[in-house]
Structure formats: structure tokens, C-alpha cells
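This report introduces selected helices and sheets to a reader who has not met the structure before. Please keep the sequence and the model side by side while reading.

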Amino acid sequence: MHENANLAFQRKETSTLINTILDVQPRSTSRGAGKSNDEIVSELAASILSKLPDKLDMEVASEMLFAKDSKGRVSSLTTVLGQEVDRFNNLLKVLKNSLETLNKAIAGFVVMSEEMERIYKSFLNNQVPTLWADAAYPSLKPLGSWVKDLLLRTSFVDAWIRQGQPKSFWISGFFFPQGFLTGILQNHARKYNLPIDELSFHYNILPYYRDQAAVIEAINTMKFGEELPMDKELPTPEDGVLVHGMFMDASSWDDENMVIEDALPRQMNPVLPVVHFEPRQSYQPSPMLYQAPLYKTGARAGTLSTTGHSTNFVVTVLLPSKRPSDYWISKGSALLCQLNE
């Protein structure tokens with residue numbers, strides 16, 4: 001096995017040990033000069049509350065999002081955006097209500113319910129409260145990283161609303177990425193009047209890398225209508241969309257030969273370059289392409305939801321390789337939308 005497998009095992013063991021210690025530690029109130037637990041939780045709740053956006057508003061959406069085709073139909077991706085906005089607004093509402101109630105409970109204005117007690121304990125342990133996780137997308141991140149990730153996701157959706165469709169979509173930022181992929185296929189089916197059930201994706205890896213945090217930072221400093229400097233280097237595909245934000249697990253990308261390759265020592269999850277998702281009719285992929293499963297989290301397991309989609313598996317991405325698929329399957333090579341830290 002690759003030496004990184006040992007690192008992954010040790011990380012998992014350490015994480016399990018720490019979580020076990022956190023679960024069994026007694027709840028104590030610090031005395032002396034240090035802050036009390038109530039003060040720590042109150043400050044954390046106030047900090048998170050101050051960073052959360054009020055809500056995502058489709059009312060301020062760019063007019064270009066609602067441009068209609070020759071048959072008077074709005075882009076399917078605009079419908080996907082509206083659904084994403086509803087999901088994020090529901091999550092933001094749950095977060096705000098619970099944080100406000102928690103602050104009142106700590107101050108003694110309302111009774112500290114069992115639910116608030118669990119959130120209180122989660123905050124002390126830097127864990128995402130169960131109440132929040134149940135209303136959110138799958139994630140294995142600790143509380144601090146989870147909040148940063150949520151803010152990045154809401155910024156991505158807000159930029160899409162105000163600026164129009166991005167040149168490259170951050171697939172990790174979607175609440176329900178499967179809906180986004182269906183929207184791409186639906187747009188293509190409408191454009192060429194094709195049956196959608198005969199369409200599948202052809203994947204073309206482009207020699208460009210993209211960091212979503214840098215994208216959001218650039219968007220915040222530019223004027224409306226301006227093109228992002230990093231967008232200028234990306235091609236504009238005639239069909240399909242560009243996608244970024246996928247991480248490689250148990251493999252890496254060879255920029256020189258543009259193929260999947262063994263992971264470098266101590267490099268656990270390198271970023272996959274920008275990928276062109278191009279719908280094609282009756283597409284028969286080459287047997288030399290490795291069918292890499294894309295998961296939302298590193299758990300690599302999920303359950304089927306009522307929509308028939310997995311709660312964790314997103315899609316199979318076909319990657320060019322110089323080795324047979326069995327080689328990558330035995331290594332457990334896959335793609336992830338987000339990391340655990």
C-alpha cells in the first residue's frame with residue numbers, strides 16, 4: 001500500500017481517540033482568571049451570529065439569469081439556483097433561531113432546554129450541533145471549519161445571484177449537486193431537442209486550477225459587470241459547463257501528461273484542475289478511462305434519499321489514465337467535494 005495510507009489510518013485513529021475523550025469528559029466550570037464555559041459559548045455564538053448573512057435574496061438577481069430561449073423557457077440552472085437559495089435560507093433560519101435562543105438561555109431569560117444543552121456542549125467541543133447537521137448538507141468538518149465553509153457557500157450563491165452565472169461552477173458549494181448536474185443535462189436537451197435520458201457527461205480536464213476563496217475575494221473587490229482576472233484564462237465552452245472544487249483521494253494529477261497518477265508522499269488530498277462537464281448523446285467512454293466516484297464527504301457512504309439519489313455519492317467522473325482501472329480501484333482512488341478539516 002502507499003505510505004499515505006498509513007497517514008490516513010493514523011489520522012483516523014487520532015480523531016476517534018479525541019472524539020471519545022470529548023464525549024466522556026465531565027462538564028466543568030473554570031475558576032480563577034480563565035473564562036467560564038458560559039462566556040466561551042456566548043462569545044462563540046455572538047461571533048457566528050455576526051458573520052451569518054441575513055438571507056439570500058432572489059429578488060436582487062441579475063436580469064441575465066432570467067433570459068428566455070426561443071420557446072420562452074428560463075435556464076434550468078436558474079431554477080437550480082432558486083432551489084439552492086431556499087435550502088440555504090432554511091439552514092440560516094435554523095442557525096439564527098438556535099443561536100438567539102442559546103444566548104437567551106445562557107443569560108437566564110429562557111429555560112435551557114435539552115436541545116440547547118446539546119448545542120452548548122457541541123460548542124465547547126468544537127463540534128457541529130446535531131440540530132444544525134440535520135438541517136444542513138453532509139459534512140465531517142469541525143465547527144470552526146464548518147462555519148467558514150458555510151460562509152464560502154453562501155458567498156458563492158450570492159455572487160451567482162448578483163453577477164450572473166460564474167465562468168466556472170464550484171461544485172462543492174452546492175447543497176444538492178445532483179440537481180445542478182441534472183440542470184446542465186436539461187439545458188443541453190432543450191438546446192438540441194434531445195431526450196435527456198440518452199445524455200451523459202464527457203469530461204475534459206483543463207490545465208487550470210481555481211481556489212474558491214480567492215474567487216470570492218476577487219468578486220468582493222470588483223465592480224459589477226467586470227470580468228474576473230482569473231476568468232480570462234478559462235475557455236468558454238459551447239456546450240456544458242466548467243466545474244472546479246474537487247479533491248483527489250488516494251491519487252494525484254499529473255499536469256505534464258494530463259493523467260491520474262499515484263499520490264505524492266505526504267500529499268493527502270491534492271486539488272483536481274478545472275473540469276469541463278460536456279453532455280453528449282449515447283456517449284460510450286473509452287475503457288482506458290478510470291471511473292472515479294465523486295463523494296460529498298470522505299465518509300464514502302450514504303443512504304438513498306426520497307429523490308432516488310445517494311446522500312453522499314454525486315457522480316462518476318471519467319479520468320484519463322495510463323494504468324488499468326483495477327490499479328486505482330485497489331487503491332480506493334476517488335474524488336471528494338470537501339475535506340474533513
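Two strands are taken to pair if DSSP finds at least two bridges between them. The model is a predicted one, and in it an open sheet of four strands follows the order E1-E3-E7-E2, with mixed pairing. Strand E1 (168-170) and strand E2 (199-205) stand at the edges, and because each has a single partner strand, one side of each is left without a neighbour in the sheet. From one strand to the next, the twist averages 40°.

Inside this sheet, strand E3 (residues 241-244) pairs with strand E7 (residues 275-281) in the antiparallel sense, over three bridges, and Val243 stands opposite Val275 in E7. Helix H7 (residues 177-192) packs on the sheet, where it touches E1, E2, E3 and E7, and the direction of H7 makes about 105° with that of E2.

A further open sheet of four strands has the order E4-E10-E8-E9, again with mixed pairing. Here the edges are taken by strand E4 (247-249) and strand E9 (313-320), each with a single partner strand, so one side of each is left without a neighbour in the sheet. The twist in this sheet averages 35° from one strand to the next. Strand E8 (residues 289-295) and strand E10 (residues 334-336) run parallel and are joined by two bridges, with Tyr295 standing opposite Leu336 in E10.

The two sheets can be set out together as follows.

| Strand order | Edge strands | Average twist |
|---|---|---|
| E1-E3-E7-E2 | E1 (168-170), E2 (199-205) | 40° |
| E4-E10-E8-E9 | E4 (247-249), E9 (313-320) | 35° |

Attention now turns to the helices. The axes of helix H3 (residues 76-107) and helix H4 (residues 114-124) come within 10 Å and cross at roughly 95°; since angles of 65 to 115 degrees count as roughly perpendicular, H3 and H4 are therefore roughly perpendicular to each other. On the H3 side, Ser98, Leu99, Thr101, Leu102 and Ile106 meet Met116, Ile119, Tyr120 and Phe123 in H4, and by class this contact has seven nonpolar, two polar and no charged residues.

How far apart are the end C-alpha atoms of H3? They are 47 Å apart, which agrees with the 46 Å that the 32 residues of H3 should span at 1.5 Å a residue. At the start of H3, a side-chain oxygen of Ser75 reaches to within 3.2 Å of the backbone nitrogen of Leu77, while just after H3, Gly108 takes a positive phi of about 90°.

How values were computed. Residues are numbered from 1 along each chain as its sequence is written. This is a predicted model: local features need pLDDT of at least 70, side-chain atom pairs count only at pLDDT 80 or more; totals for chains, interfaces and linings use all residues. Side-chain values use heavy atoms; hydrogens and water are left out. Axes are lines fitted to C-alpha atoms, for helices over the stretch in contact, and angles run from 0 to 180 degrees between N-to-C directions. Angles under 35 degrees count as roughly parallel, over 145 as roughly antiparallel, 65 to 115 as roughly perpendicular and the rest as oblique. Contact means heavy atoms within 4.5 Å. Ala, Val, Leu, Ile, Met, Phe, Trp, Tyr, Cys and Pro count as nonpolar, Asp, Glu, Lys and Arg as charged, and the others, Gly among them, as polar. The expected span of a helix is 1.5 Å times one less than its number of residues. A polar contact is a pair of N or O atoms within 3.5 Å; within protein, one must be able to donate a hydrogen and the other to accept it, and residues adjacent in sequence count only if both atoms are side-chain atoms.
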